[in-house]
Amino acid sequence: MIPRPFSQADADSHYQRVEAVVMKRHQDLRMDPWVQRSWMRCVGDYALDPSKALTPRMLEPQELSRRIAAMGTCYSLAKAEIARLCESFDFAAGVSLTDADGVILLYAGTSSFAGTARYSGFREGAVWSEAELGTNGMGTCLLTRSPIVVEA
């Protein structure tokens, strides 16, 4: 998912980069190898089409509540810390807490990032697993268990 409206030219360019990496015609040395491996998984293992824009699946409210309850006190502590962190931002940003399945349990962000967050699907109950949405910061970090920066 792209954190800003994507033009058709941008989408075409992205598709061509993914296709070149996946078909092993090109290794982009400027790109993080974790991202390149994610592209390989997304096309090969998950059969995702890089030319198609994806939107996150939303959980039913009762399922989201069940997942939040399963976090116990960790959720309450994270909520307070995330709120404090967002208050300190002097730039457009958002912070998400997900569970192990990539479900956003908590989202907070600056008002200047609200439009991007809404457009991108950063909201509680959205499923951001790599298998469902392709290469993305939350899902790819969860799958690899490594810190990764995924930029559009």
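## Cysteines and disulfides

In this predicted model, the number of disulfides comes to zero. Because a disulfide requires a pair of cysteine sulfur atoms within 2.5 Å, the count indicates that no cysteine pair satisfies that limit.

The surroundings of two cysteines can be described individually. Cys86 is buried, with a relative accessible area of 11%. Cys141 has a relative accessibility of 21% and counts as partly exposed, because the buried class is reserved for values under 20%.

## Helix H7 and its packing

Helix H7 covers residues 137-144. Its buried residues are Met138, Gly139, Thr140 and Thr144. These buried positions pack against two helices, H2 (33-44) and H6 (130-133), and against two strands, E2 (94-98) and E3 (104-109).

The N-terminal end of H7 is capped by Asn136. A side-chain oxygen of Asn136 lies 3.2 Å from the backbone nitrogen of Met138, and Met138 itself is among the buried residues of the helix.

## The segment after H7

Just after H7, the backbone of Arg145 takes a positive phi of about 55°, although Arg145 is not a glycine. Arg145 is exposed, with a relative accessible area of 77%.

Ser146 also belongs to the segment after H7. Ser146 is buried, with a relative accessible area of 16%. When residues up to four places away in sequence are left aside, Ser146 touches Trp34 and Cys141. Along the chain, Ser146 and Trp34 stand 112 residues apart, while their C-alpha atoms are separated by 9.0 Å. Trp34 has a further partner in Arg37, which lies over the face of Trp34 at 4.8 Å from the ring centre.

## A second positive phi

Ala47 has a positive phi of about 55° and is not a glycine. The residue is found in the loop between H2 and strand E1 (57-58). Ala47 is exposed, its relative accessible area being 64%.

## Aromatic pairs and cluster

The model contains four aromatic pairs. One of them joins Tyr107 and Phe122, whose ring centres are 6.4 Å apart and whose planes meet at 20°, so the pair is stacked. Tyr107 lies in strand E3, whereas Phe122 lies in the loop between helix H5 (114-120) and strand E4 (126-127), so the pair ties together parts that are 15 residues apart in sequence. Tyr107 is buried at 18% relative accessible area, and Phe122 is likewise buried at 18%.

Phe122 also pairs with Phe113: the ring centres are 6.3 Å apart and the planes are at 15°, so this pair is stacked as well. The angle falls in the stacked class because that class takes planes under 30 degrees apart. Phe113 is buried, with a relative accessible area of 15%. Together with Trp128, the residues Tyr107, Phe113 and Phe122 form one aromatic cluster.

Key: Residues are numbered from 1 along each chain as its sequence is written. This is a predicted model: local features need pLDDT of at least 70, side-chain atom pairs count only at pLDDT 80 or more; totals for chains, interfaces and linings use all residues. Side-chain values use heavy atoms; hydrogens and water are left out. Helices (H or I, at least four residues) and strands (E, at least two) are DSSP runs, numbered from the N terminus. Buried means under 20% relative accessible area, exposed over 50%, partly exposed in between (1.4 Å probe, protein chains only). Contact means heavy atoms within 4.5 Å. A polar contact is a pair of N or O atoms within 3.5 Å; within protein, one must be able to donate a hydrogen and the other to accept it, and residues adjacent in sequence count only if both atoms are side-chain atoms. Rings of Phe, Tyr and Trp (its six-membered ring) pair if their centres lie within 6.5 Å; planes under 30 degrees apart count as stacked, over 60 as edge-to-face and the rest as tilted. A charge sits over a ring if NZ of Lys or CZ of Arg is within 6 Å of the ring centre and within 35 degrees of the ring normal.
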